[in-house]
Each structure stands twice: as C-alpha cells, then as structure tokens.
Amino acid sequence: MAVKTAPASQAALQTSTQPISSELEVRIRKRFANPEGSFNLNVHFRALAGFTIVFGASGAGKTTLLDCISGLANPDDGRIAIGGEDLYDSEKKRNLAAWKRRIGYVHQDLALFPHLTAEQNVAYGLRALSAAERRTRSREMLAAFRIEHLRDRRPAQISGGERQRVALARALVTEPRALLLDEPLAALDRPTKSSLVGDLRRWNQHHRVPILFVTHNGEEVFALGDEVIVLDAGSIVAQGLPHEVMRAPRLETVAQLSGFENIFDATVLALHEDRGTMTCRLGSGVVELETPLVRADVGSRLRVGVRAGDLLLATEHPRGLSARNILPGTIRQLEQRDVIVAATVDCGGTEFEVHLTLAARDALQLGAGKPVWVVVKTHSCHLMRM
Amino acid sequence: MNWEAFWLTVRLAAIVSTLLIAIGIPIAYWVTYSRWRWKFLVEAAVALPIVLPPTVLGFYVLVALGSRSPLGRWWESLTGHTLAFTFEGLVIGSLLYSLPFAVQPFAASFGAVDSKLLRASASLGHSPVQTFLRIVLPLSKTGLVTGFALSFAHTLGEFGVVLMVGGNIPGVTRTISIDIYDQVQTANYSSANQTALLLLIISFIVLSVVFGLNRYGLNRRPWAVGPWR
C-alpha cells in the first residue's frame, strides 16, 4: 500500500533535469573475505536505467561489489564505466576517486552525519551550489520524501524510517549518475517500506539512472525488480527478469535463497506440451507431480522447489479441486513455530513440510499419525536445474 | 607571590597551546590517516617528550637554538640576537615539550569518528580534506579542547626545559615553577607554598574541565541518545 503524495511533493520529484541515458557497465575481479573464507568476486554485467536487484546470501560479495563501483574499494582488475565514461580501468590505469564519481551510495546503516540537522544532511552534497540554491533544492527533496517537518532535527531525534528517508534524500538530491542501495529497507516495517519504495520509483521515473538494489529478501526482488542478478560466492549464478530468475529452472542456491522449504530431486517422466505441464517423479519414491513445463527431456533430472506455505492439507480426499496433485500421506510430526504450525507429512517415502495456521490444526484435529492428503498446485512447483 | 612570573607563565602557556592547535591538527591528521609503513617511527618521535627527561630535551633545544646551529644563525641574521635565553626560545622549547599532549588527544578523537561517515561524505562528492573540515573536526570538539587544555596545563608546570633553554631572567624567562625553585633555594617557604598552591589549584581545575568534558561532552551533544527517546 503506497501512501498518496501531496501535489507539491510530486512536483519536486519531477522538476529535476537529467535525461542523459547512462548505462552502468561492470566487469571486475576482486578477492574478498567473509566468515566462510576467501572468495573471488568475478562479475560482468550491464545495468540500464531502472532497478537492478543484486540478490544473494550474506557474504556473497554484494557489498564488495557496491564498494568497488562507488570507488570506496579498489577491484583487483577490470573495468567500471558509466554512460561510456571510465570510472575504473585497470588496463588504462584509470581509477577515479570516490568523491569525483557522482555515484549515490546508501548503506544499510545510513551514516547520517550526527552533528547536522536533517536539512543540513540533505544539503551536504550540494557543495557547489549557492546557499540559496542549496536551501531550495534540499527543501524540495525533503518535501518529496515527506520529511519536511523534520528538517531542524538531528538524526538521533528521528525514527528509523525517517532516517532512511533522510539518507535517501541526501543521496538523490545530488542527482547521481547511478544509485547504489545496500539493503536500504532491511530495518523497516512493511508499510514504511512500501511507501518508501513508491517514492523511490517516482524519483526514478524522472531521473532514469541505473539503481543497483542489494537485498537478500526474496520478496523485495519481486516488488522492485526490472532485472535481477543473483550473486553466490562472488559469481553471478543467474540473471534476468525476476520471475524468470526466481521461477524457471535455475540453480539451487536461488531456490534456497528465495525460501523453498521443500526441495526434491526429480526425474522427468512425461512432457505434456499441449497442457504446458510435465510429470516428474520425486526422488526414488512413488510420488509423481504435475509441474509446469520447462525445457527438459524425458528422463532428465531436475530439482523441484515448493514453499511450505503453498501446500494444502485435507483430512478427506478432496473432490472438485483445480489442483492437479493430490497425494495421500501420513503426518509424522507437528511443530508449532510462533504462529504457524509446521507439519511433516510422509507421502510414500517422500517428506513434505507444510505450514498451517493454529486454527487450521485445531479445526482439522491434526496430530502425528493422522492420514491426510497433501494438495500441490502445479504452479507452486518451481523447477531448478541441478 | 611573584605575579610577574605568574603572568609570564600564563602568557607562555596560552601562546604555546594556541600554536599547538595549528601545528597539532595537521600532525594528528597525518598520524590518523597516513598508511605509510614507517608511520610508527613518527608517532614515537612525537611521543618522546612524555618520557624524555626535560633536561635532555632542553639541552638539545638549546643547542639547536644557539648560534652554532643553522637555525640559530638564521634567526640571528634575521633579528640580530640569539634565540637562546629569550621568550621566543622558550615558546619553541615548550612547543616541542607539549606537542604529544596536543597531538595524542587530537589523533584519538579523529580516529574515533566513524569511518562510515567518511565514506558517506566521499560518495557525496567531498574530498578527504573537505570531509575532514566538515565532518571530522566538528565531531572532534571534545578532543580539540582536551588537547588544548592538556598542553596548556603541561606548559604551565614545565621546569627543566625552561631552565635549560630560557635560563632565569626575571620578566623574560622566569616562569612560575622556576620562581618556586628560587624561593625554596632562599628558604622562603611560605611564598613558595603560595605559588605552588596556586599552580596546584589551576592544574586541578584544568584537568577537571578535561575529564568532565570527556565524561559529559560539550554543553550540547546533539548526537547523544538521551533517555527521553
């Protein structure tokens, strides 16, 4: 739910001028260390104007990548260019200092200047302008992010969501050539998050610069992404539109990151091209699932991911249901986790994790040993390459 | 109570600690941010006056200021008299003597400024020097006042360097600690006690200010998270 913006603020988001098309090109290598050891960041991609999500577990090299682009860290070699201008090129021995790059960078911990007010923070990057101009521009930006009333407050005196807005406004007011956002929404509640995303989108509609948005939250990928880059242990393991990357047969890391509780090895038994589905057998068991059709041959092996929250349980064999997969099984175990119940259901040797509400458990009088049917929609089955 | 010596000493301490702000900030900046591998040698040299007997330091300053050294000759050709046994000579000796008491609190407070702020400043288009002036210095106020106060108090009480470099010329180089020494030499204990007590009280006040400041900050600490939040 995005909060509606007042007309005055709308204007501020639109009046700036910067129609220059700027494509960010990155091709770098850099050794970096995380708690699991030492990795090589080795990436090559282009980011067009708009959101590019950089998705990956912590330690995958996301922050190292942004540090290199912003100039706060030096790659081992490679090239970084924006709108055709080299920011870094190891062959040409070019390495533009961070403060000359005009790349906005908002880090997860914001780094607002504690001794300056919100307005002074926002005006900080407008060094080259006259005092009057600085004032006009920073007030416009404060209005656009709906934090005008906080302009004389210092960072310690405002809330987390407000600080986030100040940090974004401070980076955007300088009209950067690209914007790097390192998990800028991680600490926010959902309504704050979506209204901030709305503001950010609106700004981007009129500035058209590449925005690299780092996250390890799968939901944010779908909410924001024009393009997704999946980073694992320093390498790009998948790249494309969000639904392609997250749903199509891809590497298992993507599935784990995006939160599939059920991941099975599967063998393709039959293709039903007319229906857009195929039949897969899970593991060495007897369970067969109808799944969406992907490019695969009969007999080939894939991995299937299913979210525990996408599965249904029934105590009688359901009839008149659109779901194609109705599997008989037995509850092995019920475990309450906060407000959800995780049921482990054994279907002929294959175990599914199913998430239910407390109310559903009580209404169906579920317990260990109870026979049930697991209902799996075809399109809840996400196929991944092994 | 020798007020002439007292005011001479206060003047010396005020000049020295003010000059040390100007000299100490660039040195502390360099000590904080340099990545030169031999930096520790410079740090050790700056800290020397803390451990060196003042007579040793005073001796070498005297030699350096005398008419046999290039510096002394240059000063003599400029002004017609030698630096040794003058108030200016005293200032130079005291600058060296109190240098670590300014540089170390400065460098400590510069180093305590969160590096994330420096990174943010760079990505907002500010050069390292601009960042230093607009972010590091304002956030180091406590360290700057501490360095100023400590070097003031330290200069106030110096004895060995002053005696070696300045001698004991009333109104020119006779400082308060030398005056106390003189009074004790002439068995004038009650006068010595008055002067000593005054120096003790002033030093205590200055140090109380320093520690109070470091405990509670300057009058306004906008970045502090108070109990009202």
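Biologist: Two strands pair if DSSP finds at least two bridges between them, right? Then in what order do the five strands of the open antiparallel sheet with strand 14 of chain A come?

Modeller: Right, and the order is 14-13-12-15-21 in chain A, with antiparallel pairing. Before we go on, this is a predicted model: local features need pLDDT of at least 70 and side-chain atom pairs count only at pLDDT 80 or more, while totals for chains, interfaces and linings use all residues. Residues are numbered from 1 along each chain as its sequence is written, and chains are lettered from A and ligands numbered from 1 in the order in which they are written.

Biologist: How are the strand numbers set?

Modeller: Helices (H or I, at least four residues) and strands (E, at least two) are DSSP runs, numbered from the N terminus.

Biologist: Which strands sit at the edges of that sheet?

Modeller: Strand 14 (288–292) and strand 21 (382–384) of chain A, each of which pairs on one side only. From one strand to the next, the twist averages 45°; axes here are lines fitted to C-alpha atoms, for helices over the stretch in contact, and angles run from 0 to 180 degrees between N-to-C directions.

Biologist: How many bridges link strand 15 of chain A to strand 21?

Modeller: Three, in the antiparallel sense, with strand 15 spanning residues 301–306 of chain A. To find one by eye, look for G305(A), whose bridge partner in strand 21 is H382(A).

Biologist: What about the other five-strand open sheet, the one with strand 16 of chain A?

Modeller: That one is also antiparallel, in the order 16-20-17-18-19. Its edges are strand 16 (312–314) and strand 19 (350–357) of chain A. Inside it, six bridges join strand 17 (residues 325–337) of chain A to strand 20 (residues 371–376) of chain A, and N325(A) stands opposite V376(A) in strand 20.

Biologist: Switching spots: is strand 3 of chain A mostly covered or mostly open?

Modeller: Mostly covered: five of the six residues of strand 3 (residues 50–55) are buried. Buried means that 20 or more other C-beta atoms lie within 10 Å of a residue's own, exposed means 12 or fewer, and partly exposed is in between, with C-beta atoms placed from the backbone. For chain A overall, buried residues make up 41% of its 386 residues.

Biologist: And which way does strand 3 of chain A run against strand 9, parallel or antiparallel?

Modeller: Parallel, over six bridges, with strand 9 covering residues 210–215 of chain A; V54(A) has V214(A) as its bridge partner there. Strand 3 also runs parallel to strand 10 (residues 227–232) of chain A, with four bridges, and F55(A) is partnered by V230(A).

Biologist: Now chain B. At what angle do helix 2 and helix 5 pack?

Modeller: About 115°, with the axes of helix 2 (residues 39–51) and helix 5 (residues 87–112) of chain B 7 Å apart. They are therefore roughly perpendicular to each other; angles under 35 degrees count as roughly parallel, over 145 as roughly antiparallel, 65 to 115 as roughly perpendicular and the rest as oblique. Helix 2 of chain B brings V46(B), A47(B), P49(B) and I50(B), and helix 5 of chain B brings L96(B), Y97(B), L99(B), P100(B) and V103(B). Two residues are in contact if their C-beta atoms, placed from the backbone, lie within 7 Å.

Biologist: What kinds of residues make that contact of helix 2 with helix 5?

Modeller: Nine nonpolar, no polar and no charged ones. Ala, Val, Leu, Ile, Met, Phe, Trp, Tyr, Cys and Pro count as nonpolar, Asp, Glu, Lys and Arg as charged, and the others, Gly among them, as polar.

Biologist: How do helix 3 and helix 5 of chain B cross?

Modeller: At roughly 135°, with axes that come within 10 Å; helix 3 is residues 54–65 of chain B. Helix 3 and helix 5 of chain B are therefore oblique to each other.

Biologist: Last one: how many residues does each chain give to the contact between chain B and chain A?

Modeller: Chain B gives 17 residues and chain A gives 21 residues. On the chain B side, the largest share, six residues, comes from helix 6 (residues 115–123). By class, that side has 11 nonpolar, four polar and two charged residues. In helix 6 of chain B, R119(B), A120(B), S121(B), A122(B) and S123(B) are buried, and their cover includes helix 2 (62–70) and strand 7 (103–106) of chain A together with helix 7 (128–136) of chain B.

Methods: Pairing = 2+ DSSP bridges.
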